[in-house]
Amino acid sequence: MGLGAFARAHTAVFTEDAMLSTGDYGWGIIGVTQRSDAVARQLVPQDGLFTVAERGEGAAPLRVVSSIVEAISGRDTPEQVVERIAAPATKIVTLTITEKGYRFDPQTRTLDLADEDIQADLAGRPPLTAIGQVVRGLQQRATAGAGPVTVLSCDNLPANGELAATLATGFAAALPPAESGPLLAWMRDNVTFPSTMVDRMVPATTDGDLAAVERELGVRDEAAVVAEPFKQWVMEDDFAAGRPRWEDAGALFSDDVAAWESAKLRLLNASHSMLAYLGLLAGRETISDAVAVEPFRSVCRRMMLEEALPSITLPAGLDGEQYCDEVLRRFANPSLGHTTAKVGSDGSQKIGLRLLTTVRGTLDAGRAPTWSALAVAAWMHHVANNPEQDLNDPLAQELQAALPADRTAGTVVTALLGFRPVVEPALAGNKDFRDLLLHWYRIIETNGPDGLGNELNHG
Ligand code: CS2
C-alpha cells in the first residue's frame, strides 16, 4: 500500500533482488496507490515495469524493475484493495504511506477516531483510509479463512510495527461488538506487525528525470524513479506467512530495530528537516545546495553529535560519528536533486518525531538543546512566513489558524508551542526551550542565514 517513488525504489527493488539472488520467483507486488491514481495509471500500460535511475557516486546503470505485477488505485477501487488483502495468495501487506497516512494522534499513538475519513470507514463505506483498507481486508480474510498475514510498516516512525498494530487493533475495536470481537481474536492469532527501518533518499521524479531516462533507455517510462545508490532495510523477523529472502538482497534482520529507527530518525531525518528549513530560508532549492552552506553544515553536524547522539542508544555495531559523516556525505550528492521543499513538507508530522524527541532528551540530561531548537525555530519561521497554500502540510489550515495576525518572535513561538498536535504540554511549558526558540527566531528574522554564521563563530 503506497506506490510512491520511495516504495518503488526500495521495497520493489529489495524484493526483485531477493528473487534474483535466490531464484525463487514466487513473489510479486500488487501496488496500491493512495490519494491519487496517477502511479497506477502510469504503471498499468507498462505492465508494472519501471526504471530506477541511481544518481551520484557509485551509481549503477539504469535498471528496469519487474517485481510489481499489478497496480491498482486505492482511492477509486477500494473494494478491489480489500479483496487483494483477503486473497489467500497475499502473504504480506507493506505500508509505505508516509507519516500522515496513519491518521494517529502523536501524543497518545492511538488511532484518531475523530478523523472524518476513519469515521466514514468505520461506518461501513468502501474504505478509503489505509488503516481502514487493511482492517477491512483482514476482516474479509478472517471470514474467508484465507490464513495468516503480515502487516509491515515501512515508514519513518518509531516502533512502526507496534504503531501499525495499535492502529489496526484500534480500528477493529471501534467496529460494532458483533464484528470486533471475532475480528480481534482472529487478528491476535493470525497477524504479525514487525517493525522496520527503511532508508534511501528518493526525490520526487521531475520531467527532466523522465526525459533523461528516455534518452538513456530509448523508451519513454512514465513511472521512472531516481534514487541515491545507498539503500538500507532493517527489520524484525516476525512474519506470519513467509517472506522473500530479503537478507539475500542486503536487508538486515535484527531484534534491535527500535535502536536502528531512532538513530535514523534523529540523526538522518532530523538533520534532513533542519537543512530543509534553513535551506528554504536561504533560498536553496536542494538539500545538496543547503548542506554546502557552511554554517548549515556545521549546525547540522553539531545537532547530531552534541544533542541527538548523546540522547539515543545506538544499535550494536553502528559507529555514531561515522554514521553522521556518512549522512552529510549523502546529503551532498549533487546529482540527486532532492528539494528542500519536498523534505520540508508535512512538517507537523515530522518535527515531533525527529527533533522534539532530541530536545526532550537533551533537556532531561540537563543540557541546552541549542541546535535542535534552531531547527525547530527554522520550521516555525517557515510556517509563519508562508501562506497556507504553500505550506504543503496536512495541518496547514490548523497551523495558520493558530497563528496571530501580528507575527513577532514572541507571538509565533507562543502560538506554535501551544499547537497540541505537534508539541506536548510539558515541553511547551519549558522555559529554557522557549528562550532558545525566541533567540533563534529573532536571529533568523533579523539577520537571516548570515546571522547563523556569526552566532557560530562566536559560540
Ligand atoms: C526525508 C525522507 O522527506 C523527508 O522527510 O527526510 O524522506 C528521507 O529522504 C528518507 O527517510 C531517507 O531514507
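In this predicted model, three strands assemble into an open sheet with the order E3-E2-E11, and the pairing within this sheet is mixed. The edges are formed by strand E3 (63–65) and strand E11 (225–227), each of which pairs on one side only. From one strand to the next, the twist averages 35 degrees. Strand E2, comprising residues 50–54, pairs with E11 in the parallel sense, and 3 bridges support this pairing. Within this arrangement, Val52 has Val225 of E11 as its bridge partner. Helix H2 (residues 11–22) packs on the sheet, where it touches E2 and E3. The direction of H2 makes an angle of about 90 degrees with that of E3.

A second open sheet, also described by 3 strands, follows the order E5-E8-E9, and its pairing is parallel. Here strand E5 (92–95) and strand E9 (191–192) occupy the edges, and each pairs on one side only. Strand E8, which spans residues 149–153, runs parallel to E9 and is joined to E9 by 2 bridges. Thr150 stands opposite Thr192 of strand E9.

Attention now turns to the ligand. The residues that surround the ligand are Asn156, Asp199, Arg200, Met201, Lys264, Asn269, His272, His338, Val343, Lys350 and Arg354. Sorted by class, this shell holds 5 charged, 4 polar and 2 nonpolar residues. Polar contacts to oxygen atoms of the ligand involve both backbone and side-chain atoms of the protein. For Arg200, a backbone N or O atom is placed 2.9 Å from a ligand oxygen atom. For Lys264, the contact is made by a polar side-chain atom, at a distance of 2.6 Å from an oxygen atom of the ligand. Arg354 likewise places a polar side-chain atom 2.9 Å from an oxygen atom of the ligand. The ligand taken alone exposes 340 Å², of which the protein buries 90%.

With respect to secondary structure, helix H10 (257–281) and helix H15 (347–364) are the elements that supply two or more residues to the shell around the ligand. Of the contributing elements, H10 gives the most, with 3 residues.

Conventions:
Residues numbered from 1 in each chain as written. Predicted model: local features only at pLDDT ≥ 70, side-chain atom pairs only at ≥ 80, totals over all residues. Heavy atoms only, no water. Pairing = 2+ DSSP bridges. Helix = DSSP H or I, 4+ residues; strand = E, 2+ residues; numbered from the N terminus. Axes fitted to C-alpha atoms, helices over the stretch in contact; angles between N-to-C directions. Contact = heavy atoms within 4.5 Å. Near = heavy atom within 4 Å. Polar contact = N/O pair within 3.5 Å; in protein donor to acceptor, adjacent residues only side chain to side chain. Areas by Shrake-Rupley, 256 points an atom, 1.4 Å probe, with all protein chains shown as cover. Nonpolar A, V, L, I, M, F, W, Y, C, P; charged D, E, K, R; others polar.
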